[in-house]
Amino acid sequence: MNRQPSSLWKKAGQTFLTTALISASLFSSSSELFASPSKADSSKTATSTSVQTKVTVDYFYESMKKTAEIAGIPFTMAKPEGTMLQRQTAAKAIQEWLSLPVSSNSFKDVPEKHAYTSAISAVYQAGIMNGYSKELFFPKSPLTQSDIDLISERILAYIQPFEIEEATIRSIQKAMEQGKLTSHELVQMYLDRIEKNDDKGSAINSIITINDSALEIADQLDAERKTSGPRGPLHGIPILVKDNYDTSDMPTSAGCICLKDSIPSEDADQIAKLKAAGAIILGKTNLHEFAFGITTSSSLGGQTLNPYALDHYPGGSSGGTGAAIAANFAVAGMGTDTGGSIRIPSSFNSLVGIRPTIGLSSRDGIIPLALTQDVGGPMARTVADAALVLEATTGYDPDDLATSYSVGRTPESYTSYLDEKGLQGARIGVATELFASSNAEEKEVSALVYQAVSDIRSLGASAVEIKIPNLDQIGKFPSLSSYEFKFQLNDYLGELGDAAPYHTLSEIIESGEFDQSQASSMKSRNARELLETEEYKDIVLNRTKVTREALLKVMAENDLDAIVYPTTTQAAAVIGDSQNAGGNNRLSPFSGFPAITVPAGFTTEGLPVGIEFLGRAFDEGTLIKLAYSYEQGTQHRKAPVLSE
């Protein structure tokens, strides 16, 4: 498409209608542009009859001229001939004015060699004018005043410059379709933001390694897009991944100096799936070393900061991913969760985080902490983006037999669950015993989540107070990370072969090349001589059984779609103070059931708080539906203010 001078694009960006209004208009299937004249007329109330008046060419021309003035771009449209305006005439005038790229025609009522065919296909592809249906455009139908208003909004949305902050997968793909953006340009924008605010400026310190080949990969994907089109929604999308996922082109360190030069020969299964979908692994993020804790400090990466309050923790152990995605250093990210390591940093950074059912996605190629509980999953700024990344990373993997349980239990698409009305008619159990209130901070977090429950009701769901059976007993079970870590880490190091810098946990401890604040934890884990003890077996069998039965019982007896509670009982703590997140996050790993956390607002200090939805095994689709409806109905997410 022809470009306008950059200064005009900047001016346009300053004078547009609000982004939310434009976005809603751009992606709606409006009755005005989607219906025949009679249907459009009948859908209006008496008070809005005036906007259904069929417009003249003069009215259309003056409206488009005003749109150009608002956008701050030259108005070069040739005024159509005639008096009354038809849809095909408007399409041609708009296509020529904006130099819209021509695409293939898909409407049965528009002949292939019609004078208006290319224009109709162009405005449809640009999202400026829809059809009556996927097959019918009604080219000779008249337009109304309300149609013109909506067309103006869509034109403003189409010509506005791309803004990287809070960009979504959908908005990025739209910008690439429109020729506003290439993957190369997108990667460079994120690299610039990282340099300004991770290395310097706010110095969030969330990223350990940048992929030196990211721009080259972006060029290859841009070329592929031109020749054969995008592979799917992740084509050309930069993703940041926690540095305990194996990457064959970058070191995988778990945040430890001892593994700073360890480059695995193969990608982790989920990384391979992301690359196959066209995603660009932009870099590796910091984590709490070996995923031991929830404050995200490591011997290799140092201390990561919370972008909402630089003197506060970002959560952990996936705190590098959480801080980076919150700060808009990539479109989305990958974390891992053994006890709460996706959901805690998501909550602390106003993100959406999904801990999937154990077995939905492969753990092969992820440095283990406790495979009985370990999962990998997406962290993103929106539910839709998290769903798209989840969809790309699931599936059977012969190298992780747990994934065999997912066969036949996953939907064709998780994005089909993105329903704004998803809470209508749903039944939600409110686990009030998990709402802590022993101090002022906990009371504030609980108050925000109680407000979230009220919002859930106002969005059409029934929310009932529940008591989870045997909750005290469940809470007394330990995490298995202190049992399994040594043996599973040794297995991982053994699979690295001769290239492994160290071959056992004992060798790492002897080297001294690790975070010395974790020395006692490392040594106590290394002191275990056997894994298959009676104590261990009792935990594995009884903990899982008791937790699953308790959750399934309360859900069945109350006919629940999900259970909700605060993701964490406290918000992010000041760096140097003790960080307490509570034990709510253990219900999901102890049962193996999925959970999703969604932003629920901010404390009076401006610290993010999350609400967690927990569901049945392999019912991620329902959780996505409920979380999306809540997200769209509340819109709590907002970007942090960085120092650049």
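Asparagine 349 is buried, with a relative accessible area of 0%. I start there, and I should say at once that what you are looking at is a predicted model. Asparagine 349 lies in the loop between α14, residues 343–348, and β7, residues 352–355. What is asparagine 349 in contact with, leaving aside its neighbours within four places in sequence? The list is Asn306, Pro307, Tyr308, Pro314, Gly322, Ala323, Ala326, Pro608 and Arg637.

A second loop residue can be described in the same terms. Phenylalanine 137 is in the loop between α7 and α8, and it is buried, again with a relative accessible area of 0%. Not counting residues up to four places away in sequence, phenylalanine 137 touches Arg87, Phe107, Asp109, Val110, Ile120, Met129, Asn130, Gly131 and Tyr132. To place it in the chain as a whole, take threonine 603, which is 466 residues from phenylalanine 137 along the chain. The C-alpha atoms of these two residues are separated by 49 Å.

Now the aromatic rings. A pair of aromatic rings is described by the distance of the centres and the angle of the planes. The count here comes to twelve aromatic pairs. One of them joins tyrosine 132 and phenylalanine 138, with 4.9 Å from centre to centre and 55 degrees between the planes, a tilted pair. Are these two residues buried, exposed or partly exposed? Tyrosine 132 is partly exposed, at 28% relative accessibility, and phenylalanine 138 is partly exposed too, with a relative accessible area of 27%. Another pair is phenylalanine 290 with phenylalanine 292, whose ring centres are 6.4 Å apart; their planes are at 45 degrees, so this pair is tilted. Phenylalanine 290 is buried, at a relative accessible area of 3%. Phenylalanine 292, at 19%, is buried as well, because the cut-off for buried is under 20%.

There is also an aromatic cluster, made of Tyr61, Phe75 and Trp97. Over the ring of tyrosine 61 sits the charged end of lysine 79, 5.7 Å from the ring centre. A similar arrangement is found with lysine 638, where the charged end sits over the ring of phenylalanine 602, 4.8 Å from its centre.

Trp97 of that cluster brings us to the helices, since it is one of the α6 residues in contact with α8. Two packed helices are described by the angle between their axes and the distance between the axes. For α6, residues 87–98, and α8, residues 145–159, the axes come within 13 Å and cross at roughly 20 degrees. The two helices are therefore roughly parallel to each other, and the crossing is right-handed. Which residues make the contact? From α6 they are Ile94, Trp97 and Leu98, and from α8 they are Ile151, Ile155, Tyr158 and Ile159.

The second helix pair is α10, residues 183–199, and α11, residues 214–228. Their axes come within 8 Å and cross at roughly 155 degrees. That makes α10 roughly antiparallel to α11. On the α10 side the contact is made by Ser183, His184, Val187, Gln188 and Leu191, and on the α11 side by Ala214, Leu215, Ala218, Asp219 and Asp222.

Both α10 and α11 also take part in the packing of α9. In α9, residues 169–177, the buried residues are Ile169, Ile172, Gln173, Lys174, Ala175 and Met176. They pack against α7, α10, α11 and α15. Just after α9 comes glycine 179, with a positive phi of about 80 degrees.

That leads to the backbone. Most residues other than glycine have a negative phi, and most peptide bonds are trans. Where does the model depart from this? Serine 99, which is not a glycine, has a positive phi of about 50 degrees. Serine 99 is in the loop between α6 and α7 and is partly exposed, with a relative accessible area of 21%. Glutamine 635 also has a positive phi, near 55 degrees, and is found in the segment after α23, residues 620–634. As for peptide bonds, a cis bond joins glycine 316 and serine 317, with omega at about 10 degrees. Serine 317 is placed in the loop between β5, residues 302–303, and α13, residues 319–326.

Key: Residues numbered from 1 in each chain as written. Predicted model: local features only at pLDDT ≥ 70, side-chain atom pairs only at ≥ 80, totals over all residues. Heavy atoms only, no water. Phe/Tyr/Trp six-rings, centres within 6.5 Å; stacked < 30°, edge-to-face > 60°. Buried < 20%, exposed > 50% of the residue type's maximum accessible area, 1.4 Å probe, protein only. Lys NZ or Arg CZ within 6 Å of the ring centre and 35° of its normal. Axes fitted to C-alpha atoms, helices over the stretch in contact; angles between N-to-C directions. Helix = DSSP H or I, 4+ residues; strand = E, 2+ residues; numbered from the N terminus. Parallel < 35°, antiparallel > 145°, perpendicular 65-115°, else oblique. Left-handed = near helix turned anticlockwise from the far one by under 90°. Contact = heavy atoms within 4.5 Å.
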